[in-house]
Amino acid sequence: LPAGSSKGEVYQAIHHQLVASALAVKACHELVPEGKIGNMLLGGLMYPLSCKPEDVFETLQENRSWQFFGDVQARGAYPGYMQRYFRDNGITLTITDADREALKTTVDFISFSYYMTGCVTADEALNQQARGNILSMVPNPHLASSEWGWQIDPLGLRTLLNVLWDRYQKPLFIVENGLGAKDKVEADGSINDDYRISYLNDHLVQAREAIDDGVELMGFTSWGPIDLVSASKAELSKRYGFIYVDRHDDGTGTLARSKKKSFGWYKEVIASRGASLKA
């Protein structure tokens, strides 16, 4: 929670955001009758660490902590599980009749970010141990991780796409996905980021599999086309782009830009409409 804020104050602020979002959707539909407008979810798919019923239920609750936003924006009302959460935590929100009416205007599609998955357990000792790691998340013993500890799970994207499609039956849009890594500039100026190519290839293959599963996927945009300061670490050394920017964490560099190996690879993926991907 933000310093000095109660759970009630946080959820009241969230409520105002959800109402504002619904009013923005309504305004878009009025101003641009043929326009489509969506939301933005953090696709934080979590798995049970074990098949213990307690772990499975705890995972259900953890996934609902981000699905809640989509539930309100796609279904037009607060779900029962959130109403219970408010009761159990002594939270009473100020919700007017006008607010309830506004929330009935729902989004046309669901857009979301996806970088990794994590695990959930009811074992408090393991949770305390996880809070000491870089992401405060119980790691999945079956997955590899990036340099920054983000676990790499392409199949998780297919799972998430199916979960969201089953839940909302609205078109989906992957608006963030990519790999943060340290890139090395070779003597000839080339940057051979095969690790980024592998990451994106494997995730796009799973997105294609989800389409074959029947998921309606509108599109995919990576994070991000050009190197920029990492939001999570405030570092430029954690690079995501297809285009390298000569700038470093200490502020030095010319800001000159150059294409990484992934630039040509991604250009071919687009030109071939995915035919160049390697399953």
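Visitor: Which residues have the most contacts inside the largest nonpolar core?

Guide: A preliminary note on conventions is in order. This is a predicted model, in which local features need pLDDT of at least 70 and side-chain atom pairs count only at pLDDT 80 or more, while totals for chains, interfaces and linings use all residues. Residues are numbered from 1 along each chain as its sequence is written, and side-chain values use heavy atoms, with hydrogens and water left out.

The general idea is that, in soluble globular proteins, nonpolar side chains tend to be buried together. A nonpolar core is a set of buried Ala, Val, Leu, Ile, Met, Phe, Trp, Tyr and Cys residues joined through side-chain atoms within 4.5 Å. Buried means under 20% relative accessible area, exposed over 50%, and partly exposed in between, with a 1.4 Å probe and protein chains only. Here the largest such core has 38 residues, and those with the most contacts inside it are Phe-112, Leu-161, Leu-164, Leu-172 and Trp-265.

Visitor: Which elements each supply at least two residues of this core?

Guide: Helices (H or I, at least four residues) and strands (E, at least two) are DSSP runs, numbered from the N terminus. The contributors are α2 (53-75), β3 (110-113), α6 (154-168), β5, α7 and α8 (261-271). Helix α7 gives the most, with seven residues. Another core lies apart from this one; it has 15 residues, including Tyr-81, Phe-86, Leu-93 and Ala-102.

Visitor: With which residues is Phe-112 in contact, leaving aside neighbours within four places in sequence?

Guide: Contact means heavy atoms within 4.5 Å. Phe-112 is in contact with Met-40, Leu-41, Gly-43, Leu-157, Leu-160, Leu-161, Leu-164, Leu-172, Phe-173, Ile-174, Val-175 and Glu-176, once neighbours within four places in sequence are left aside. For the protein as a whole, residues 24 or more positions apart account for 65% of the contacts with a separation of 6 or more.

Visitor: In what order do the four strands of the open sheet stand?

Guide: Two strands pair if DSSP finds at least two bridges between them. The order is β1-β3-β5-β6, with parallel pairing. Because β1 (41-42) and β6 stand at the edges with a single partner strand each, one side of each is left without a neighbour in the sheet. Strand β1 is joined to β3 by two bridges, and Leu-42 stands opposite Ser-113 in β3. Between β5 (residues 172-176) and β6 (residues 217-220) there are three bridges; Phe-173 faces Gly-219 of β6 across this pair. From β5 the chain passes through helix α7 (residues 194-212) to β6 in a right-handed β-α-β crossover. Right-handed means that, with the strands pointing away from the viewer, the path from the first strand over the helix to the second runs clockwise.

Visitor: How do the buried residues of α8 fall when seen down the helix axis?

Guide: The buried residues of α8 are Ser-262, Trp-265, Tyr-266 and Val-269. They fall within an arc of 95°, so they line one face of the helix; the arc is that of the directions from the helix axis to the C-beta atoms. These residues pack against α7 and β6, whereas the face of α8 turned away from the buried side carries the exposed residues Lys-267 and Ala-271. Just after α8, Arg-273 takes a positive phi of about 50°.

Visitor: Where is the cis peptide bond?

Guide: Most residues other than glycine have a negative phi, and most peptide bonds are trans. In this model, a cis bond joins Trp-223 and Gly-224, with omega about -20°. Gly-224 is found in the loop between β6 and β7 (243-245). That loop also holds Ala-234, which has a positive phi of about 55° although it is not a glycine. Ala-234 counts as exposed because its relative accessibility is 64%. Gln-169, with phi near 55°, lies in the loop between α6 and β5.

Visitor: What radius of gyration does the protein have?

Guide: The radius of gyration is taken over C-alpha atoms, and the globule rule is 2.2 Å times the number of residues to the power 0.38. With 279 residues, a compact globule would have a value near 19 Å; the protein has 21 Å, which agrees. Its C-alpha trace spans about 65 × 55 × 40 Å along the principal axes. The protein has eight helices and eight strands, and buried residues make up 43% of its 279 residues.
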